[in-house]
Amino acid sequence: MKDLQYLNRYLLKYKYYLILGLLFIAISNFFVIIPGQLVRNALDLVMDNISLYRMMEGLPEMAEDFGDVINSSVIVYGVSILVMALLRGFFLFMVRQTIIAMSRHIEFDLKNEIYAHYQSLPTSFYRRNNTGDLMARISEDVSKVRMYLGPAIMYGLNMVVLFLMLIPYMFSINAKLTLYALLPLPVLSLSIYFVNNIINRRSEEIQRSLSDLSTFVQEAFSGIRVIKSFSREEDSSKNLREQSKVYRDRSLGLTKVQALFFPLILSLIGLSTILTIFVGGSEVLKGQLSFGNIAEFVLYVQLLTWPVTSLGWITSIIQRAAASQKRINEFLFTKNNITSEKEITPEVTGSIKFDNVSFTYEDSGIQALKKVDFEIAAGESVAIIGGTGCGKSTLANLICRLFDVTEGSILMDGHDVRDFKIDYLRGQIGYVPQDVFLFSDSIRNNIAFGSNDVSEEEMLAASRQADLHENISRFENGYETVLGERGITLSGGQKQRVSIARAIVRNPKVLILDDSLSAVDTKTENAILNALKEVMANKTSIIISHRISSAKLADKILVLNDGQIEEQGTHEELLEKGGAYKELYLKQLQGEEMA
Ligand SMILES: Nc1ncnc2c1ncn2[C@@H]1O[C@H](COP(=O)(O)OP(=O)(O)OP(=O)(O)O)[C@@H](O)[C@H]1O
């Protein structure tokens, strides 16, 4: 339950909604208790005077006048009850406008807080937690917490206020009748609590099978090309049928419990009413109560049943909200370990130095870099070459501080990258990651994404430098062409070039291309590298690749092997040396000739 205390700051922020809501609850309950007294008075008036009226049978004129007086009094009571019902309706509306509105405001704030926190967390966090989990906490869990902040608080306050206003009053009329009338209510509350827990458990199971079902369908649609080319359509339909069957059976189970739920409530409420009439009747016979009191009590019992029913419901809402808030807090309290104390923002030229850098991935324990030591002067281009999994991407990630080195340090213009203000450091780097990611948006916006304000000329220049402009000009809508699910699909090479244009449009001091030309043939690769020459002229560039063809133009080449630098030098120097680089060169040359 202490997890929910985190929300108190929000309750404090919206305290005026809460205070007003409480006031409206009290007023609306006032307008629901008074009609009970009016019903009692009206009934007693009729009961007390009906025998008098009958006695006047011999005096028709008097009887008529007397009857008119009774009638008009009953009408006054009736109209008063109606007016109070309308007033109660108005104040109930106001209760919802304050407390439920408050819960919606807090839901909005909480979602924004969680999202902003997610954004601040390092990439390692995203590797540890799957996307479904991240989404569930910001949507489903927040919705469950809102049920506590809205309906649970509203009905909870309503119940407390009604009890405080009504129960003492009922005791003041007749303690014995009050006790009997209230007797079945705790049983009602407990049974609702238990049944509700079963309903919740089953609903969650249904939710799980529904999300399995949608994941399955989503994957089937995304992989439709694979399914079709391997003729697995029938198999896919069979799997869907099986998953749907699980969903159907669980839903039927829930329907059964729900079907039992309402008869149970109604019979317990009925029991309360019968007890009230039975005990009330015997009190009337003893002359302790009037008939009107019985009617009044039956109304009060009806009034109390919903709040008591809601007690079981509120308890389970609060339990679920506490569990959800615990999950939310787990993420909200996750600290970002990629921070900077000094937050320096010096003018940089882009020189980079790896000083004995080692790096081990915390989650997998893989040591990706071992005592890597090299320097890149400002404006120099360096190619990093090596086999799969030798640590090339890790090296790029460390420069951008997506991770922090385990040992040693990385310096930019003599300053440790950990001392830079993070946004500033990343602003100096144009990083083209290995996995291209394009948003479902226009090509223009995808390129301009790299910077805050990009002019048309800058966007076009970046596109030309990435050798993309000509391709896009051929599209009917040019740069307005929408990509992604709603739009067209670019070829692998085109996607890589959009990604390159996005990196260079921000005019960074350091450009990192992480295997960014793997999807284009060597001819196009050369064309792009030549076009990029102009861009790279005054930038430090790091070109990560498997291919010698990408590397040979660089001022310096580093050959990585199993996280260590095996060789370094220029293309010619390394060929002359006759080591791993030359071996790779000859292998690739042979491959090209054969092709
Ligand atoms: N986020 C991560 N968490 C744990 N281990 C990782 C992570 N990223 C990479 N590794 C591991 O670290 C090692 C180096 O990976 P890295 O991606 O740097 O290689 P690479 O040289 O870029 O390979 P490729 O050319 O295939 O992209 C690999 O063994 C890989 O499995």
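In what order do the 4 strands of the open sheet lie? This tour of a predicted model arrives at the answer after a view of the whole chain.

**The whole chain.** Begin by displaying the complete protein chain, which contains 21 helices and 10 strands. Its radius of gyration is 38 Å, well over the 25 Å that the globule rule gives for 595 residues, so the chain is more spread out than a compact globule. Along the principal axes, the C-alpha trace spans about 135 × 60 × 50 Å. Of the 595 residues, 29% count as buried.

**The sheet.** Next, select strands E1, E2, E4 and E5. They form an open sheet in the order E2-E1-E4-E5, with antiparallel pairing. Colour E2 (367-376) and E5 (415-416): these strands stand at the edges and each has a single partner strand, so one side of each is left without a neighbour in the sheet. Then turn to E1 (residues 352-360) and E4 (residues 407-412), which pair in the antiparallel sense over 5 bridges. To inspect one residue pair, select Lys353 and its bridge partner in E4, Leu411.

**The helix on the sheet.** Now add helix H12, which packs on the sheet and touches E1, E2 and E4. The direction of H12 makes about 115° with that of E1.

**The ligand.** Keep H12 (residues 392-399) in view and show the ligand; this helix gives the most to the surrounding shell, with 3 residues. In total, 16 residues surround the ligand, and the closest are Tyr361, Thr388, Lys392, Ser393 and Thr394. Finally, colour the shell by residue character: 4 of its residues are nonpolar, 8 are polar and 4 are charged.

Conventions
Residues numbered from 1 in each chain as written. Predicted model: local features only at pLDDT ≥ 70, side-chain atom pairs only at ≥ 80, totals over all residues. Near = placed C-beta within 6 Å. Helix = DSSP H or I, 4+ residues; strand = E, 2+ residues; numbered from the N terminus. Nonpolar A, V, L, I, M, F, W, Y, C, P; charged D, E, K, R; others polar. Rg over C-alpha atoms; globule rule 2.2 N^0.38 Å. Buried ≥ 20, exposed ≤ 12 C-beta atoms within 10 Å, placed from the backbone. Pairing = 2+ DSSP bridges. Contact = placed C-beta atoms within 7 Å. Axes fitted to C-alpha atoms, helices over the stretch in contact; angles between N-to-C directions.
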